[in-house]
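Colleague: I have a few labels I'd like you to justify for me. Can we go through them one by one?

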Amino acid sequence: MAASEENSSLFSIFILTIMAIPIVPYTILRLCRACTKKTKSIHCQCNVCSHSGKYQKSIFKRISNFSTCSNLTLLLLWVVMGILVYYIKHISREIQPFEPFSILGLEPGALDSEIKKAYRRLSILYHPDKNPDPEAHKYFVDFISKAYQALTDPLSRENFEKYGHPDGRQGLQMGIALPQFLLNFDGASGGVLLLSIVGVCILLPLLIAVIYLSRSSKYTGNYVMHQTLSTYYYFMKPSLAPSKVMDVFIKAAEYLEIPVRRSDDEPLQKLFLAVRSELNLDLKNIKTEQAKFWKQHPSLVKMELLIQAHLTRESTMLSSSLLNDYRRMLELAPRLLEELVKIAVMPRSPHGHGWLRPATGIVELSQCIIQAVPLSARKATGGYPEGLAPFLQLPYFSESTVKKIARKKVRTFQELQDMTINDRVELLTQIAGLSDIEARDVEYVLEMIPSIEVDITCETEGEEGIQEGDIVTMYAWVTLKRANGLIGALPHAPYYPFHKEENFWLLLADPVGNDVWISQKVSFMDEAAAIAGASKAIQETRESLGASVKEINAAVKEAVVKVKSGSRLVMGKFQAPPEGSYNLTCFCLSDTWLGCDRKTSIKLKILKRNRAGTRGHIVEEGPTADEGIEEEEEEEEEEYDDYESEYSDDLDDEKDKKGKKANGAANKKEESSTEASGSDDE
């Protein structure tokens, strides 16, 4: 009996040790991170964001922040460890070694008379004739009688005093840290032990492997389904208009898995009437267009209506079931849009370039979703070259508010930002009709909006000039500044119910050819990672050029200072195109803010190859199958009322120039052909 209890105790100690090895260090690490976490607020301080509930510090919000899956699991494991400690402590009290002297209340080496006297005294207390308690009877038989017998027998007493046991020297005993019922091989216990060993050693790892492989085969590293990426890749086109990006975006497999219920039909019908003006329907054939819209897949109809409800800020009319789907849709939107941008800039052209027009359209959709601004508000209207969208991201701003401040010739978002604080407050309070508190909230948001500067250079490492076929390295320092002094911050997004970190996309592109040469996502949240990346890149570049250690350290130190002051280094490599001059544009696009994107022009002059060495591979020019497909798509493209993207102006101008030149060349060719035919007749 004692051996079985000892084995059970060992099993508990074994389980407690296995649990404590990872849990204790992990808990200490979590506590250290919580203590060293920055207390500086990096989110918007306006009343609209405060009332949105995302940043409230109430007791319920703190409890909800604490009651995450990882925290609750950690707390549960600590509770289990506490129960094990109590159980081990309790069972250790029950498992006491057999010590006759202590049982009789005597000191080791007591005389026989003292032993008999103590035995009589305990017999009066625990003998069954004196005490009818069953526990007293058990204690008297199992302990008192055995202790007296062990000490009154001379041989037993001598063995106990020498070897600690009445029976003399005992052999080495070993226990196993398993429960007793698993060690009893009689009956079905042997099968239980076998099944336990097979389950723990074979079935459990196999089950974990199957779950992991099934999940990894379904999702990518960014938790986006492989089916979604395949769908995006198939529907991505180089001429994808900004208003048509929505049609591709809602085809994600994650959205198709959201159930469509019959109870949602009536709320969706009402929602359709509310957002019908944003669906790009032909008003001349409105009945046909409506029937065509409802004939789509129900999931596509539902997702597009929910997105339009968010963009037009009509989410208050959603039912409870639709509201859950609405939140799920918004939760998945940032990662899906990020993958959609990556697919747009993926090298596909013969020269290994991505597509600019769909990439900018996707970023514009991301901005509108985060700020809850309709896509139609981006359309340039009379007197508003940027549209109304940048103004609508400000709190308390509506279309009527924008028209009021336009009386003072404030028609662009940059003009509003360039005003002094006093002039802007006067404009908002006296002309726009905002209160002092509302004007102060607008100032809070304007202080949060970043100002971006890009310093970009392209060069061939270790060579003078750039020749065709060279590997060109792009160095771009992206600098962010805010009026409130923050570098990394959470954007003003009161209508987006989740935390969203602001990111920027740096695109080195040729607007004329609709080509993206280099693309990279830039984040200003993690300063340590940015310092490590910039230091490593500068060090490797300087070492390849043969710089000294002193020069390398100086360059790295300068890069670290830049990063700490709000700059990020972006590097990329591309193969120099054929000889000629190229007018490129560096786009720095925000995925959260409207009106803070920057375009930087850069002229790239490629010289003829005359440098010794092997020329890089240059793809020969000529018609390809992809170009034929693009021509067919352009012919089949339907006319629709599309808003003008702010990045498509340069592309359209260049196309007009090319069209005029082509028409002129065609006319000259016709004239020459008529002259030739006339000479033949003569």
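Modeller: Sure, burial classes to begin with: buried means under 20% relative accessible area, exposed over 50%, and partly exposed in between, using a 1.4 Å probe and protein chains only. Keep in mind that this is a predicted model, where local features need pLDDT of at least 70, side-chain atom pairs count only at pLDDT 80 or more, and totals for chains, interfaces and linings use all residues. Residues are numbered from 1 along each chain as its sequence is written, and side-chain values use heavy atoms, with hydrogens and water left out.

Colleague: Okay, why does Asn280 count as partly exposed?

Modeller: Its relative accessibility is 36%, and partly exposed is the class between the 20% and 50% limits. Asn280 sits in the loop between α14 and α15, where helices are DSSP runs of H or I with at least four residues, strands are E runs of at least two, and both are numbered from the N terminus. Asn280 also has a positive phi of about 55° without being a glycine.

Colleague: And what makes Ala372 buried?

Modeller: Ala372 has 0% relative accessibility, so it counts as buried. Ala372 has a positive phi too, near 55°, and is not a glycine; its place is the loop between α18 and α19.

Colleague: Why are α24 and α25 called roughly antiparallel?

Modeller: Their axes cross at roughly 150° and come within 9 Å. Axes are lines fitted to C-alpha atoms, for helices over the stretch in contact, with angles from 0 to 180 degrees between N-to-C directions. Roughly antiparallel means over 145 degrees, so α24 gets that label relative to α25.

Colleague: Which residues of α24 and α25 meet there?

Modeller: Among them are Ala530, Ile531, Ala534 and Ile538 in α24, and Ala555, Val556, Ala559 and Val563 in α25. Contact here is heavy atoms within 4.5 Å.

Colleague: What makes β3 and β6 a strand pair?

Modeller: Two strands pair if DSSP finds at least two bridges between them, and 9 bridges join β3 to β6, so they qualify. They run antiparallel, and one bridge links Tyr475 to Met571 in β6. The open sheet has the order β2-β3-β6, with β2 and β6 as the edge strands, each pairing on one side only.

Colleague: Last one: which residues touch the most other members of the largest nonpolar core?

Modeller: Phe249, Tyr255 and Leu305, out of 61 residues. A nonpolar core is a set of buried Ala, Val, Leu, Ile, Met, Phe, Trp, Tyr and Cys residues joined through side-chain atoms within 4.5 Å. The largest share, 12 residues, comes from α17.

Note on methods
Angles under 35 degrees count as roughly parallel, over 145 as roughly antiparallel, 65 to 115 as roughly perpendicular and the rest as oblique.
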